[in-house]
Amino acid sequence: MKIKAKIRRDMAVVKALAKHPMETGLRKDKKTDKIIPAKFIKELVCKHGDKVVYHADFGRSVSKNPYVAFTFAGAKKGDSIAMTWTDSDEETLTVESVIK
Amino acid sequence: MREKRRLLLKGLLGITTMATAMTAMPRLAMAKWSKAFDSSSVDDALNDLYGTTALTTDDTITLKIPEIAENGAVVPVTVKTKMANVTKISIFAEKNPQPLAASFTLPEGTAADVSIRIRLGESQIVKAVVEADGKLYTTEQEVKVTIGGCGG
Amino acid sequence: MKGLTCLSAMLVSSLFISVPSFADPQSDSDDVRAFFQKRFSNITLEDYADGAYALNENARMQWEEIEEFPPYEDAVDEGMVLFETPFANGKSYANCFPNGGLGIKQDYPKYDTETQQVITVEYAINQCRTNNGEAALPYGQGELAYVSAYMASTSRENIINVIIPDDEGALAAYEAGKKMFYERKGQLNMACATCHISIAGGQLRAEITSPALGHTTHFPAFRFGWDDIGTLQKRYAGCNTQVRAKPFELQSVEYRNLEYFHTFMANGLPLNGPGSRK
Amino acid sequence: MTKNKLQLVLLLASSLTILTACLDKDLAGGSTVSNKHEQALDINTLIEQAEQARAEAGRLGFEWSVTGPLLEVAHATYKAGNHEQATTLFQEVKLQSLLAIDQARYADENWRMLVPVID
């Protein structure tokens, strides 16, 4: 997951791109003709310190390698944010980034 | 427009240096992932998510989505509104097998301005629902999805 | 059978007889530009670097949205690591290129008068590897494309400056590339020029066909259709296949000549690769 | 006139003889082999022609992308014993290749027609 966070007009603007196949469970493998099992990010959360500043739940219609952007108040340059995704297999990844 | 692209180009390298990956963080305790994402109709999903299908159309909500999608697999969507006390924003793609694409819970201090990229299997209506002061508002737009294979 | 042999013999001879008369690359390029300027009078030369997106505001907006956080960044980062990792003999890519390989893409393809051939960045990358005892990498996509993408990223906004030296071989290579660009082939009987000059900007099924003028600026490109970053010649092979012509080997003499012609046409345009395409 | 008539009769008679001979063989069960052999000779020539034409189209850089896969199908069909269909497929391969060769010739003579002209 890549995160770009910067301060614009006193607000922290966050853009993130998670690397994830986002398999819907509806797609067939062209070679084996078998259904590729569903595996998609269900939840993406961003914390600034202890505070949750963003919480997104995803369904199967979110594109592969999901991209999100959002804006929150109360952060300054140099602060850290941590973003965590959890997918349908309960796999999880947390990435930290410093606000520029 | 051109200037903007230039800036983007310049910023390309060296953005990820600060990001560090850690795994196995304890799962954040938040609202449970709703079964609304499994619903196969917009109304069912609305019921599951909000307990009602009563929506008020409000055209002051900005739903930015292309009228003709360049690539149905990656359709950029932005939903924003100037309404106060927005607690939730959700996005529905009516004709997708499971219409609810994403639902954002916005704590105080987070702007009612979210972007995401979604899949659209065919031309259809995309709907944004904004929850503010406990009421539900909506706006929608038709998106044409073309079948390509030759671009670029 | 006899007829066939006869036909082939006739063909072979006719192919050999048609040696380029007098190639004038600059006036070719001027003509193509004048043609496009007439067709799309509202866009500037620089705009052609954006391909079909220069012609369609709706598509352009979506493309810019994607470029906000483009899908090729990982590939570029990986390319940088690969580029900087020394070979087993201690040397690295930087030793094989002018200026350490950085900010030089605008000068490619080059014509090497010594070996009498067109050298593209990708071809040079593999030359560099084999000269240093490393195995050549597959052209098209994967590590080689990543290295090339990184090199392209260091050359962004540089102005394309392909030079055709006053050399018979160089002119012949250019002319061969040009001829290939205009030859109709494949089961659909289409030339590169059919889509990208004659009907450029028009609708082909659901697509707007891009002008030939800015094609080479943004490669290697991430195409959502490929779900990966790929080289210009991978796209050539794709185009050939789309008109149902059997593609040439990537980095074959034919494709390198084509890239030479194709990129010379874009002289003066700013590089903006890697780019994303649908 | 009589001469012509005579010729006609002779011709008819000879063909009848041949026909009868064949029929005889058929009845004797020996002709299947010889017929098959003749057909095999034909299809072999066709395969050779198809492959030569394809190679020539390829050498000129004008082979169609669909021809190679079609040739594979044709060979597989032939191997599977379906000679009638294989013949059709090899003919198609040959035809596509001849068209591609013709395309090469046409392109060589006329490619400049697509170069934009400024008036």
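# A guided tour of chains A, B and C

Begin in chain C of this predicted model by selecting C:F222, which stands opposite C:I229 in β6(C). The strand that pairs with β6(C) here is β5 of chain C (residues 221–223); the two run in the antiparallel sense and are joined over three bridges. Extend the selection to the whole open sheet, whose three strands follow the order β6-β5-β7 with mixed pairing. Its edges are β6 (228–230) and β7 (275–277) of chain C; each has a single partner strand, so one side of each is left without a neighbour in the sheet. Neighbouring strands of this sheet are turned against each other by 35° on average, direction ignored.

**Chain A**

Next, display chain A alone. It has seven strands and zero helices, and its C-alpha atoms fill a box of roughly 50 × 20 × 15 Å along the principal axes. Select β1(A) (residues 2–8) and then its partner β2(A) (residues 11–17), to which β1(A) is joined by seven bridges in an antiparallel arrangement. Within this pair, A:I7 stands opposite A:A12. The two strands form a hairpin with two residues between them, and A:R9 in the turn has a positive phi of about 50°.

Continue from β2(A) to β5(A), which pairs with β2(A) in the antiparallel sense over seven bridges. A useful residue to centre on is A:V13, which stands opposite A:T71 in β5(A).

**Across to chain B**

Now add chain B and follow β5(A) (residues 67–73) to β8(B): two bridges join these antiparallel strands. Label A:V68 and B:I116, which stand opposite each other at this junction. The complete open sheet has six strands in the order β1(A)-β2(A)-β5(A)-β8(B)-β5(B)-β3(B), with antiparallel pairing. At its edges stand β1 of chain A and β3 (62–64) of chain B; each has a single partner strand, so one side of each is left without a neighbour in the sheet. The twist averages 15° from one strand to the next.

With the sheet still selected, show helix α3 of chain C (residues 57–68). This helix packs on the sheet, touching β1, β2 and β5 of chain A together with β3, β5 (75–80) and β8 of chain B. The direction of the helix makes about 85° with that of β5(B).

**The interface of chains A and B**

Select the residues at which chains A and B touch: 42 residues of chain B are in contact with 46 residues of chain A. The area buried between the two chains is about 3,800 Å², with carbon and sulfur atoms giving 54% of it. One salt bridge is found across this interface. To see it, select B:D38 and A:R60, whose closest N and O atoms are 2.7 Å apart. The count of residue pairs in polar contact between chain B and chain A is 21.

On the chain B side, colour β1 (20–23), β7 (100–105) and β8 (113–118), the elements that give two or more residues to the surface touching chain A. The residues of this side divide into 25 nonpolar, 11 polar and six charged.

**A last stop between chains A and C**

Which residue of chain C meets the side chain of A:K2 in a salt bridge? Select C:D74, which lies 3.7 Å from A:K2, N to O. This pair crosses between chains, from strand β1(A) to helix α4 (residues 73–84) of chain C. Over all chains, a search of the whole structure finds 30 salt bridges.

Technical notes: Residues are numbered from 1 along each chain as its sequence is written. Chains are lettered from A and ligands numbered from 1 in the order in which they are written. This is a predicted model: local features need pLDDT of at least 70, side-chain atom pairs count only at pLDDT 80 or more; totals for chains, interfaces and linings use all residues. Side-chain values use heavy atoms; hydrogens and water are left out. Contact means heavy atoms within 4.5 Å. Buried area is the accessible area (1.4 Å probe) that two parts lose on being put together, summed over both. A salt bridge is a side-chain nitrogen of Lys or Arg within 4 Å of a carboxyl oxygen of Asp or Glu. A polar contact is a pair of N or O atoms within 3.5 Å; within protein, one must be able to donate a hydrogen and the other to accept it, and residues adjacent in sequence count only if both atoms are side-chain atoms. Helices (H or I, at least four residues) and strands (E, at least two) are DSSP runs, numbered from the N terminus. Ala, Val, Leu, Ile, Met, Phe, Trp, Tyr, Cys and Pro count as nonpolar, Asp, Glu, Lys and Arg as charged, and the others, Gly among them, as polar. Two strands pair if DSSP finds at least two bridges between them. Axes are lines fitted to C-alpha atoms, for helices over the stretch in contact, and angles run from 0 to 180 degrees between N-to-C directions.
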